[in-house]
Amino acid sequence: MTKTELIENIAEDIRIQHLRATNKADLAAFLDSLAAVTTRALLADDSVPLPGLGKLSTSQRAARSGRNPATGESIEIPARRVPHFSPSKMLKDAL
């Protein structure tokens, strides 16, 4: 699904579920703001609740050894923080 398709689906769902018309430009601005706010929260090591979907947070990935697939050479992969999504029970049950 592309961003445009997502915006169109959300606009249609709001029209049907909530009997309201929404501006697609406002929905696009909302999605852009959601991404910016989420990024800032994760950089601050906060979690971001997404009601009905789950929670975004960060976790620490330990340093480890890896192998370059092109050369077979052993390399060290440094430790880093990675985003982590925990689905809600409602989403798990729906799937």
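## Close-up views of a predicted model

**View 1. Helix α1 has the span expected of its residue count.** At 1.5 Å a residue, the 16 residues of α1 should span 22 Å, and its end C-alpha atoms are indeed 22 Å apart. This is a predicted model. Three residues of α1 (3-18) are buried: I7, A11 and I14. They cover an arc of only 65° around the axis, so they sit on the same side of α1. An α-helix has 3.6 residues a turn, so residues three or four places apart point the same way. Part of the cover over the buried residues of α1 comes from α2. Just after α1 comes L19, with a positive phi of about 55°.

**View 2. Helix α2 keeps its buried residues on one face.** α2 has 20 residues. From first C-alpha to last it reaches 29 Å, close to the 28 Å expected at 1.5 Å a residue. Its buried residues are L27, A28, L31, T38, A41 and L42. Seen down the axis of α2, they fall within an arc of 160°, so they line one face of the helix. Look for what packs against them: α1, β1 (48-50), β2 (54-61) and β5. Now turn to the face away from the buried side. It carries the exposed residues A25, D26, R40 and L43.

**View 3. The two ends of α2 each show a local detail.** At the start of α2, find N23. One of its side-chain oxygens comes to within 2.8 Å of the backbone nitrogen of A25. At the other end, α2 is followed by D45. The phi of D45 is positive, near 65°.

**View 4. The largest nonpolar core joins residues of α1 and α2.** Six residues make up this core: I7, A11, I14, L27, A28 and L31. The elements giving two or more residues to the core are α1 (3-18) and α2 (24-43). In soluble globular proteins, nonpolar side chains tend to be buried together. Pick out L27 to trace the packing. Leaving aside neighbours within four places in sequence, L27 is in contact with I7, I10, A11, I14 and T22.

**View 5. Strands β3 and β4 form a hairpin.** β3 (residues 64-67) and β4 (residues 74-77) pair in the antiparallel sense. Four bridges link the two strands. Within the pair, G66 of β3 stands opposite I75 in β4. Six residues lie between the strands. G72, in the turn, has a positive phi of about 80°.

**View 6. S88 is a buried residue in a loop.** The loop holding S88 runs between β5 (80-87) and α3 (89-94). The relative accessible area of S88 is 18%. The cut-off for buried is under 20%, so S88 counts as buried. Which residues does S88 touch, not counting those up to four places away in sequence? They are G52, L53 and G54.

Key. Residues numbered from 1 in each chain as written. Predicted model: local features only at pLDDT ≥ 70, side-chain atom pairs only at ≥ 80, totals over all residues. Heavy atoms only, no water. Buried < 20%, exposed > 50% of the residue type's maximum accessible area, 1.4 Å probe, protein only. Contact = heavy atoms within 4.5 Å. Pairing = 2+ DSSP bridges. Core = buried A, V, L, I, M, F, W, Y, C linked by side-chain atoms within 4.5 Å. Expected span 1.5 Å × (residues − 1). Arc of directions from axis to C-beta. Polar contact = N/O pair within 3.5 Å; in protein donor to acceptor, adjacent residues only side chain to side chain.
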